[in-house]
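Dear colleague,

Please find below the structure that I am handing over to you. My findings follow directly after it, and I would be grateful if you read them with the model open.

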Amino acid sequence: MTESWLWPALFAAGLGLGAFFYGGLWWTVKRLPAAHHPVLTMLVSFAVRTAVTIGVMAGLMAGDWRRLAAVLAGFVAMRFFLVWRQRRHDAIQS
């Protein structure tokens, strides 16, 4: 049985997790100035983002480190993409 679809799917799942994690961080930071309890907001956001990300990664890993590596590659790729996109946005704004 071929598993050629598995690795791109795991990479795509990592991209989605990266978007969730860093998108959630962006969303939280944007709302901190208006938050009544900014420290609590940041801590809860971190705990939820981390728990969901690690839980999904553990489920997708299924005991195989190569699966985790594929998911992490997608997660890190999303981080680099978002940093690149933000720098480009900042360069256009200035």
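In this predicted model, helix α2 (residues 38-61) and helix α3 (residues 65-93) pack with their axes 8 Å apart, at an angle of about 140°. That angle makes α2 oblique to α3, because only angles over 145 degrees count as roughly antiparallel. The crossing in which α2 passes α3 is right-handed.

A second pair can be described in the same terms. Two packed helices are described by the angle between their axes and the distance between the axes. For α1 and α3, the angle is about 45° and the axes lie 7 Å apart. These two helices are therefore also oblique to each other, and their crossing is right-handed. Helix α1 covers residues 6-31.

The loop between α2 and α3 holds A62. Most residues other than glycine have a negative phi. A62 is not a glycine, yet its phi is positive, at about 50°. Is this residue buried or exposed? With a relative accessibility of 52%, A62 counts as exposed, because the cut-off for that class is over 50%.

Next, the charged side chains. Side chains of opposite charge can pair when their charged atoms come close. How many salt bridges are there? The count comes to one. The partners are R66 and D64, whose closest N and O atoms are 3.0 Å apart. This distance satisfies the definition of a salt bridge, because the limit is 4 Å. The two partners have their own accessibility classes: R66 is partly exposed, at 45% relative accessibility, whereas D64 is buried, at 18%. D64 falls into the buried class because that class takes values under 20%.

On the surface there is a nonpolar patch of about 460 Å², made by F20, L40, V44, V48, V52 and V56. Which helix gives the largest share of this patch? That share, five residues, comes from helix α2. One of the patch residues, V44, is placed in α2 and counts as partly exposed because its relative accessibility is 45%.

Finally, I list some residues whose positions you may wish to find on the model.

- G23 is in helix α1 and is partly exposed, with a relative accessible area of 30%. Its C-alpha atom is separated by 21 Å from that of L60, and the two residues are 37 apart along the chain.
- R31 is also in helix α1 and counts as partly exposed, at 41% relative accessibility. R31 and M42 are eleven residues apart in sequence, and the distance between their C-alpha atoms is 9.7 Å.
- A91 is in helix α3 and counts as exposed, at 52% relative accessibility. A91 and W26 are 65 residues apart in sequence and 18 Å apart in space, C-alpha to C-alpha.

In brief, α2 is oblique to α3, α1 and α3 are oblique to each other, and the salt bridge is formed by R66 and D64.

With kind regards

Conventions: Residues numbered from 1 in each chain as written. Predicted model: local features only at pLDDT ≥ 70, side-chain atom pairs only at ≥ 80, totals over all residues. Heavy atoms only, no water. Patch = residues over 30% accessible without salt bridge, like charges linked within 9 Å, V, L, I, M, F, W, Y side chains within 5 Å. Areas by Shrake-Rupley, 256 points an atom, 1.4 Å probe, with all protein chains shown as cover. Salt bridge = Lys/Arg side-chain N within 4 Å of Asp/Glu carboxyl O. Helix = DSSP H or I, 4+ residues; strand = E, 2+ residues; numbered from the N terminus. Buried < 20%, exposed > 50% of the residue type's maximum accessible area, 1.4 Å probe, protein only. Axes fitted to C-alpha atoms, helices over the stretch in contact; angles between N-to-C directions. Parallel < 35°, antiparallel > 145°, perpendicular 65-115°, else oblique. Left-handed = near helix turned anticlockwise from the far one by under 90°.
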